[in-house]
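Trainee: I have a new model open and would like to learn how to read it. Could you take me through a few features?

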Amino acid sequence: MAVSITIRDVPNETRDVLAGRAAASGRSLQEYLNKELQDLAARPTVPEAIRAIRLRARTMPDAHGIVGDLAADRR
């Protein structure tokens with residue numbers, strides 16, 4: 001279910017820039033901002049990305065393991 005979000009005290013200059021971008025993309029300001037918010041929510045924050053990278057790094061073999069695996073494959 002969709003919800004409404006109200007953002008107060010947006011400077012006029014900011015609103016004008018966003019409205020211009022919306023118009024350039026052929027969308028209303030609401031459609032443009034909705035898409036931008038969805039895109040923002042889909043991207044991880046820097047701490048989230050670092051946490052994910054560290055988790056993946058724990059499961060990856062080190063350089064010695066990789067070289068050993070390559071050598072075993074060549075035999």
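Mentor: Gladly; we will look at a pocket and then at two residues. This is a predicted model, in which local features need pLDDT of at least 70 and side-chain atom pairs count only at pLDDT 80 or more, while totals for chains, interfaces and linings use all residues. Residues are numbered from 1 along each chain as its sequence is written, and side-chain values use heavy atoms, with hydrogens and water left out.

Trainee: What is the volume of the largest pocket?

Mentor: A pocket is an open set of points on a 1 Å grid over the protein atoms alone, where a 1.4 Å probe fits, with protein on both sides within 12 Å along at least five of seven lines; lining residues have an atom within 4 Å of a point. Points are joined across faces, edges and corners, and a volume is the space filled by probe spheres set on them. Here the largest pocket has about 620 Å³.

Trainee: Which residues lie nearest its centre?

Mentor: Of 17 lining residues, those are Ile-5, Ile-7, Leu-33, Asn-34 and Leu-37. Helices are DSSP runs of H or I, at least four residues, numbered from the N terminus. α2 gives the most to this lining, eight residues.

Trainee: What is the sign of phi at Asp-9?

Mentor: Most residues other than glycine have a negative phi. Asp-9, not a glycine, has a positive phi of about 60°; its place is in the segment before α1.

Trainee: Is Arg-54 buried or exposed?

Mentor: Buried means under 20% relative accessible area, exposed over 50%, and partly exposed in between (1.4 Å probe, protein chains only). Arg-54, in helix α3 (residues 46-59), is exposed at 57%. Asp-9 is exposed too, at 76%.

Conventions. Helix = DSSP H or I, 4+ residues; strand = E, 2+ residues; numbered from the N terminus.
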